[in-house]
Amino acid sequence: AEPQALPRDLEGRRVVISAGGTREPLDPVRYLGNRSSGRQGYALARVAAHRGADVTLVAAHTADLVDPAGVRVIKVGTADELRTVMLAEADGADVVVMAAAVADFRPVTLAEHKIKKTDRDPEPLALTRNPDVLAELVDARAAGKLDTSLIVGFAAETGDATTSVLDHGRAKLARKGCDLLVVNAVGDGRAFEVEENAGWLLGGDGTEQPIPYGAKSRLASTLWDAVNRQLRRQ
Ligand code: CTP
Ligand code: CA
């Protein structure tokens, strides 16, 4: 349960949050998916609703999560469905948060019937790129086609031999052009790279705030605090 004394500082704000992992079908019974649980997006929705926001949660596949009370939930399957719903819902919203794990690729063809095995190896699976929903939201706003004050992205990064988690995050923020990027350090490199920090909150205005390792509801509160600061400045 959330603490009782959360401030109602998102009262009157409309927020749209995507969560979970998209699934890209191969045939009527099979798909390409990912391990996203949806927990971070659901925590964001729950905390925002507690803080008084009008919340729409666009939910791809999740780990059997309970819909947060007082939140409008729209279920989607594929990245393309998520894109359509997000572009429609984001217009007129104060804040859009892309917490969903959107599949980067999908199978080129969707078989109408279940694919049957034969006595030969199958053809390699042909994939094509999915739309980048976050980038499209940023572009649509820049083109004056979308009215949204703040666009927030998420990134899960591991460092590598040449580039730290923070530098990967900085590069992704520059590439995506969103207003805030939550960078989560994941994988084995974490202990070496970030010590007590599990990530950073990077602002398009150059601000960089470390996020301590902790519960997803805590990260949600940190993000909504930062969102409120930026909304008040506008
Ligand atoms: N995202 C999106 N549409 C996609 C892929 C990602 O909207 N097709 C969004 C995610 O919801 C997230 C942000 O973009 O908010 C960053 O996603 P991530 O997978 O980290 O970035 P990519 O640009 O896909 O780069 P890569 O996977 O190569 O690191
Ligand atoms: Ca990706």
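Here is a short walk around the two ligands of this predicted model, starting with the pocket and ending at the metal.

Let's begin with ligand 1. The space it takes is the largest pocket, so named here by a grid search over the protein atoms alone. Three elements each give two or more residues to the shell around ligand 1: helix H3 (133–142), strand E9 (150–157) and helix H4 (165–176). Of the contributors, E9 gives the most, with 3 residues.

Now look at the residues themselves. In total, 14 residues surround ligand 1, and the closest are Met98, Ala100, Leu134, Lys172 and Lys176. Sorted by class, the shell holds 9 nonpolar residues, 1 polar residue and 4 charged residues.

Polar contacts come next. Two of them involve the protein backbone: an oxygen atom of ligand 1 lies 2.7 Å from a polar backbone atom of methionine 98, and an oxygen atom of the ligand is likewise 2.7 Å from a polar backbone atom of leucine 134. A side chain takes part as well, with an N or O atom of aspartate 104 placed 3.1 Å from an oxygen atom of ligand 1. As for burial, ligand 1 taken alone exposes 570 Å², and the protein buries 75% of that.

Aspartate 104 is worth a second visit. You will find this residue in the loop between strand E6 (95–98) and strand E7 (105–107). Which residue supplies the protein donors of the calcium ion, ligand 2? Both listed donors are OD atoms of Asp104, lying 2.4 to 2.6 Å from the ion. Aspartate 104 thus appears in the contacts of ligand 1 and among the donors of the calcium ion.

Conventions: Residues are numbered from 1 along each chain as its sequence is written. Chains are lettered from A and ligands numbered from 1 in the order in which they are written. This is a predicted model: local features need pLDDT of at least 70, side-chain atom pairs count only at pLDDT 80 or more; totals for chains, interfaces and linings use all residues. Side-chain values use heavy atoms; hydrogens and water are left out. A residue is near a molecule or strand if one of its heavy atoms lies within 4 Å of it. A polar contact is a pair of N or O atoms within 3.5 Å; within protein, one must be able to donate a hydrogen and the other to accept it, and residues adjacent in sequence count only if both atoms are side-chain atoms. Accessible areas come from the Shrake-Rupley method with a 1.4 Å probe; for residues, only the protein chains shown count as cover. On a 1 Å grid over the protein atoms alone, a cavity is a set of points where a 1.4 Å probe fits but cannot get out, and a pocket is an open set with protein on both sides within 12 Å along at least five of seven lines; lining residues have an atom within 4 Å of a point. A molecule sits in a cavity or pocket if more than half of its atoms lie within 2 Å of its grid points. Helices (H or I, at least four residues) and strands (E, at least two) are DSSP runs, numbered from the N terminus. Ala, Val, Leu, Ile, Met, Phe, Trp, Tyr, Cys and Pro count as nonpolar, Asp, Glu, Lys and Arg as charged, and the others, Gly among them, as polar. Donors are N, O and S atoms within 2.8 Å of the metal (3.2 Å for Na, K and Ca); water is not among the atoms, so sites may look incomplete.
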